[in-house]
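This report introduces the arrangement of the chains, the contact between them and the nonpolar core. The sequence and structure are shown first.

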Number of protein chains: 2
Amino acid sequence: MTATFELLGIGNAIVDVIARCEETFLAEHRLAKGAMTLIDASAAERLYAAMGPGVEMSGGSAANTLAAFASLGGRGAFIGKVADDQLGAVFRHDIRAAGVAFDTPPARGGAPTARCLILVTPDAQRTMNTYLGACVTLTEDDVDEARVAASTVTYLEGYLFDPPAAQAAFRKAARVAHEAGRQVALTLSDPFCVDRHREAFRGLVKEGVDILFANDREILALYEVERFDEAVAAVREETTIACLTRSEKGSVIVTAGGVIEVAAEPTQVVDTTGAGDAYAAGFLWGLVRGRPLAECGRIGSIAAAEAISHVGARPMVRLADMVADRLAA
Amino acid sequence: MTATFELLGIGNAIVDVIARCEETFLAEHRLAKGAMTLIDASAAERLYAAMGPGVEMSGGSAANTLAAFASLGGRGAFIGKVADDQLGAVFRHDIRAAGVAFDTPPARGGAPTARCLILVTPDAQRTMNTYLGACVTLTEDDVDEARVAASTVTYLEGYLFDPPAAQAAFRKAARVAHEAGRQVALTLSDPFCVDRHREAFRGLVKEGVDILFANDREILALYEVERFDEAVAAVREETTIACLTRSEKGSVIVTAGGVIEVAAEPTQVVDTTGAGDAYAAGFLWGLVRGRPLAECGRIGSIAAAEAISHVGARPMVRLADMVADRLAA
């Protein structure tokens with residue numbers, strides 16, 4: 001059956017609140033630099049009160065990937081839970097305006113829409129503090145089986161292991177996708193997220209993931225090894241394709257057939273938020289369009305370069321044009 | 001009495017929703033390019049649905065001026081009406097985080113916090129569409145007399161003539177300021193706003209304004225003249241100081257003593273939103289600190305150059321540092 005969607009993302013539906021800060025601010029507030037930390041409502045309130053003026057933009061890892069995928073010209077859909085409030089309306093507007101199908105009904109009367117307080121230090125590194133809010137109400141009932149079955153790849157965001165009921169949604173999506181003869185992709189999201197859910201991640205990677213995305217720290221955390229080559233050897237046994245991103249060193253695509261090294265695209269780094277999300281979008285767009293793996297990685301690098309060249313995780317230019325220009329150059 | 005605040009702004013409390021668009025979008029939706037148009041809730045909903053993905057940032061003309069004034073190191077306060085909702089909380093957080101005192105109680109249970117849908121075309125021009133929401137509930141009761149009396153300059157935003165009850169707040173603020181021996185500044189905000197309220201503006205300028213800010217189109221509209229020199233002659237009779245901004249041609253400072261021409265600061269223009277607001281902040285900061293008028297204008301130009309060099313109206317760098325660097329160069 002022809003797929004209705006080329007990519008379906010399932011993840012946390014989050015609005016980012018981005019502010020610049022000095023290094024000293026991270027120390028004062030005991031924030032783990034470069035990581036994503038979960039915070040509760042009262043901690044979110046305290047941190048927000050202490051932060052400088054912010055810019056609000058729709059975010060969420062898989063949602064960012066879908067927005068970038070649509071900007072590349074891909075047909076995408078997203079499943080995630082917002083509340084019935086103003087920030088939920090912002091999230092819904094933005095993902096639809098980006099050209100992504102989004103029909104998950106909002107949660108009513110409970111916690112507000114999730115937000116991620118992102119602090120960007122002068123070195124362009126982002127430190128994320130997430131209040132999950134309405135995301136914790138996502139359940140397997142929100143996973144539309146017909147939509148999963150009609151999507152070439154279902155892409156799962158590792159952060160979604162944090163909201164308790166969402167793991168069941170994950171497993172259901174992976175099962176339905178495979179039963180329909182589709183592929184399942186997963187991103188590990190964050191080394192601390194891997195630490196929190198290592199056994200669940202290992203089981204899912206081994207049994208249900210065809211395409212894995214991870215950065216170097218995440219893949220070392222998953223296999224509890226110290227050297228990158230050990231992690232490469234381990235992941236090669238367990239997935240069809242693993243894309244391992246290494247910041248300015250580019251990425252490595254690992255398959256049974258070998259290892260492909262992909263260079264990073266040169267750019268001026270302003271804010272690294274969303275680099276991995278954009279890379280996954282570019283890689284998967286190439287993959288579903290039948291491009292060779294090395295080119296898929298290159299497209300991922302180009303999309304990532306765009307993401308880190310400005311404040312915020314979502315693309316600011318039409319990625320389809322940027323990729324066409326860069327590949328032709 | 002020593003002033004507690006150097007600048008008190010009274011204006012609409014608005015959250016900006018900024019999106020890029022092509023010229024064709026303005027034509028399709030019959031939007032008046034470069035102007036500020038008032039829209040109702042249903043028109044706002046329709047336009048928002050049609051717009052691309054947005055970035056939310058606190059805005060409002062006088063509020064932007066106060067944020068820039070604080071970034072220059074000035075002591076400022078703001079009066080304006082938000083609703084008791086998420087966007088209202090964003091506005092309150094941002095203006096306080098910018099270092100501006102803000103204590104106007106939010107409106108409860110009525111219209112939501114105001115928003116301005118701003119479309120930025122590839123030529124960096126902004127076209128603004130404002131849904132006033134909770135701003136229409138600002139009344140003279142919100143004007144804290146003690147705060148007005150304790151502020152060196154009270155700065156009134158012309159757009160505040162649009163919410164019906166706010167005109168009374170304006171007049172009260174001007175009266176209280178003058179009774180306390182303070183100064184009153186006014187910005188005309190927009191040529192269409194001048195057209196809507198010409199007689200009221202003329203009366204206020206003549207009777208109650210010491211420092212007037214206007215761009216060339218606004219001052220021509222106020223006096224219904226066709227040539228800039230006619231407008232200069234007219235305004236000279238009616239205010240102590242008039243700052244007339246002329247985009248890339250810089251500004252002209254008109255006093256009884258003469259006319260001072262100020263050059264625009266060179267910069268790359270990304271989004272012109274907030275240029276006039278930042279100019280007023282720079283000029284007034286120089287004025288309350290006793291700088292010569294030509295230097296006040298130069299500081300205004302530097303602040304405006306910063307505002308137009310990025311998306312959004314509020315400063316992205318510490319203006320105090322930028323001004324010190326530029327004045328020393």
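The account begins inside chain B of this predicted model. Leaving aside residues up to four places away in sequence, B:Leu284 touches B:Leu7, B:Phe69, B:Val153, B:Tyr155 and B:Ala185. The largest nonpolar core has 227 residues, and among these A:Leu284 and B:Leu284 touch the most other members. In soluble globular proteins, nonpolar side chains tend to be buried together.

The relation between the chains comes next. Two copies of a chain are related by a rotation about an axis and a shift along it. Here, a turn of 180 degrees with a shift of 0.0 Å along the axis lays chain B on chain A with an RMSD of 0.0 Å. That is the relation of a two-fold axis. The same surface serves both copies, as 100% of the contact residues of chain B recur in chain A. Within chain B, the residue that comes closest to the rotation axis is B:Glu56, whose C-alpha lies at 2.4 Å.

The contact itself draws 19 residues from chain B and 19 residues from chain A. On the side of chain B that touches chain A, two or more residues each come from β4 (55-58) and α4 (86-97) of chain B. The most is given by α4(B), with six residues. The table sets out this side of chain B by class.

| Class of residue | Number on the side of chain B that touches chain A |
|---|---|
| Nonpolar | nine residues |
| Polar | six residues |
| Charged | four residues |

Conventions: Residues numbered from 1 in each chain as written. Chains lettered and ligands numbered in written order. Predicted model: local features only at pLDDT ≥ 70, side-chain atom pairs only at ≥ 80, totals over all residues. Least-squares fit on C-alpha atoms with pLDDT ≥ 70 in both. Contact = placed C-beta atoms within 7 Å. Core = buried A, V, L, I, M, F, W, Y, C linked by C-beta atoms within 7 Å. Buried ≥ 20, exposed ≤ 12 C-beta atoms within 10 Å, placed from the backbone. Helix = DSSP H or I, 4+ residues; strand = E, 2+ residues; numbered from the N terminus. Nonpolar A, V, L, I, M, F, W, Y, C, P; charged D, E, K, R; others polar.
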